[in-house]
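Here's a walk through how the strands and helices of this model fit together. Keep the 3D view open while you read.

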Amino acid sequence: MKAVSVQGLRKSYGDFEAVKGISFEVNEGSFFAFLGPNGAGKSTTISILCSLLNYDSGTVEMFGKDPSDARAEIGVVFQDHMLDDRLTVRENIALRGQMYGLSGQALKDAVDKVLKLTDAEEFADRKYGMLSGGQKRRVDIARALVHDPKMIILDEPTAGLDPQSRTSLWRTVFDLNRNTGLTVFLTTHYMEEASDADDIVIIDHGEIVAQGTSDELKEKYCTDYIRAIPKDRQTFVDRLSSEDIVFTDDKGIITIPIKDTISSIDILNRLRDDLESFEVRTGTLDEAFIKITGGVEDE
């Protein structure tokens with residue numbers, strides 16, 4: 001079964017068409033990344049999937065159901081923290097579990113389970129308002145999982161976190177996906193967080209402009225290259241020109257685009273006596289994103 005099936009989805013705000021007939025699917029148990037610049041239509045699409053917003057036309061199904069009938073199948077972690085600062089972590093999660101009809105031992109077991117899954121047991125009895133940003137995010141995810149959903153939607157889950165907290169939190173999310181079969185639907189400003197996704201969809205100006213795995217997008221939209229520091233700049237530049245090797249020169253650092261990393265071997269062997277140092281770089285998902293959308297995301 002498809003966790004998400006969107007076909008021909010359209011949504012307008014007055015004369016502005018925010019989503020322009022997009023179609024995509026998310027396989028159950030997969031890790032799916034939904035990327036795009038600010039204003040591209042991501043938030044509108046997610047609001048529709050969460051049944052928070054009506055749409056104009058098209059079809060949307062979550063696990064074969066209308067989004068309004070599939071609320072128990074999904075958990076959502078929004079950009080902003082949604083829990084009560086005055087309650088403890090355990091109290092916050094238990095309160096959310098009660099909203100889904102859990103009570104007694106079943107509620108206690110569900111709370112204990114998600115605290116363990118998200119490595120939040122250590123601060124379970126601390127007030128939510130006293131936690132660090134990374135700890136709060138773990139609790140937000142635990143809250144979204146307490147009713148045992150089939151899919152979790154993460155809307156910019158690591159925004160504002162320090163690199164260590166981001167890495168730790170993301171390891172938890174990845175483990176949940178791979179070890180429990182939880183479907184993960186991610187939006188993020190950090191392209192590296194999407195690099196391990198099973199499928200990536202990039203939306204821009206309300207339309208899907210690219211789709212594939214990280215490797216597929218990099219292969220299609222990026223260029224590998226050699227960055228070289230020559231022993232003598234002018235001699236090196238003259239050598240490249242004489243051999244019709246395409247290059248750019250930025251303050252003595254020479255960049256040579258190559259078809260793939262294997263192609264660097266022949267070029268480097270030919271130029272090795274003139275090189276002070278070099279590195280071979282592959283394209284990144286950030287570079288692919290910029291080429292696809294024509295710009296960078298605003299933080």
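How many bridges pair strand 10 with strand 12, and in which sense? Five, and the sense is antiparallel. Bear in mind as you read that this is a predicted model.

## The four-stranded sheet

Strand 10 covers residues 224-230 and strand 12 covers residues 253-258. For a landmark in this pair, look at isoleucine 226, whose bridge partner in strand 12 is isoleucine 256. Both strands belong to an open, antiparallel sheet of four strands, ordered 11-12-10-13. At the edges you'll find strand 11 (248-250) and strand 13 (275-281), each pairing on one side only. On average, neighbouring strands here are turned by 25 degrees against each other, ignoring direction.

Two helices go with this sheet. Helix 7 (residues 233-242) packs on the sheet and touches strand 10, strand 11, strand 12 and strand 13. The direction of helix 7 makes about 20 degrees with that of strand 12. Helix 8 (residues 263-271) lies across strand 10, strand 12 and strand 13, and runs at about 175 degrees to strand 13.

## The three-stranded sheet

Now go back towards the start of the chain. Three strands make up an open sheet here, in the order 2-1-4, and the pairing is again antiparallel. Strand 2 (16-27) and strand 4 (57-62) each have a single partner strand, so one side of each has no neighbour in the sheet. The average turn between neighbouring strands of this sheet is 15 degrees, direction ignored.

Strand 1 (residues 2-13) is joined to strand 4 by five bridges. Valine 6 is a handy residue to click on: its bridge partner in strand 4 is valine 60. Lying across strand 1, strand 2 and strand 4 is helix 1 (residues 42-49), which runs at about 120 degrees to strand 1.

## A pair of crossing helices

Next, take a look at helix 2 (residues 89-99) and helix 3 (residues 104-117). Their axes come within 10 Å and cross at roughly 125 degrees. That angle falls outside the 65 to 115 range for roughly perpendicular and isn't over 145, so helix 2 and helix 3 count as oblique to each other. The crossing is right-handed.

Which residues make the contact? Helix 2 supplies Val89, Arg90, Ile93, Ala94, Gly97 and Gln98. From helix 3 come Leu107, Val111, Asp112, Val114 and Leu115. Sorted by type, the contact residues are seven nonpolar, two polar and two charged.

Conventions
Residues are numbered from 1 along each chain as its sequence is written. This is a predicted model: local features need pLDDT of at least 70, side-chain atom pairs count only at pLDDT 80 or more; totals for chains, interfaces and linings use all residues. Side-chain values use heavy atoms; hydrogens and water are left out. Two strands pair if DSSP finds at least two bridges between them. Axes are lines fitted to C-alpha atoms, for helices over the stretch in contact, and angles run from 0 to 180 degrees between N-to-C directions. Contact means heavy atoms within 4.5 Å. Angles under 35 degrees count as roughly parallel, over 145 as roughly antiparallel, 65 to 115 as roughly perpendicular and the rest as oblique. A crossing is left-handed if the near helix is turned anticlockwise from the far one by less than a right angle, and right-handed if clockwise. Ala, Val, Leu, Ile, Met, Phe, Trp, Tyr, Cys and Pro count as nonpolar, Asp, Glu, Lys and Arg as charged, and the others, Gly among them, as polar.
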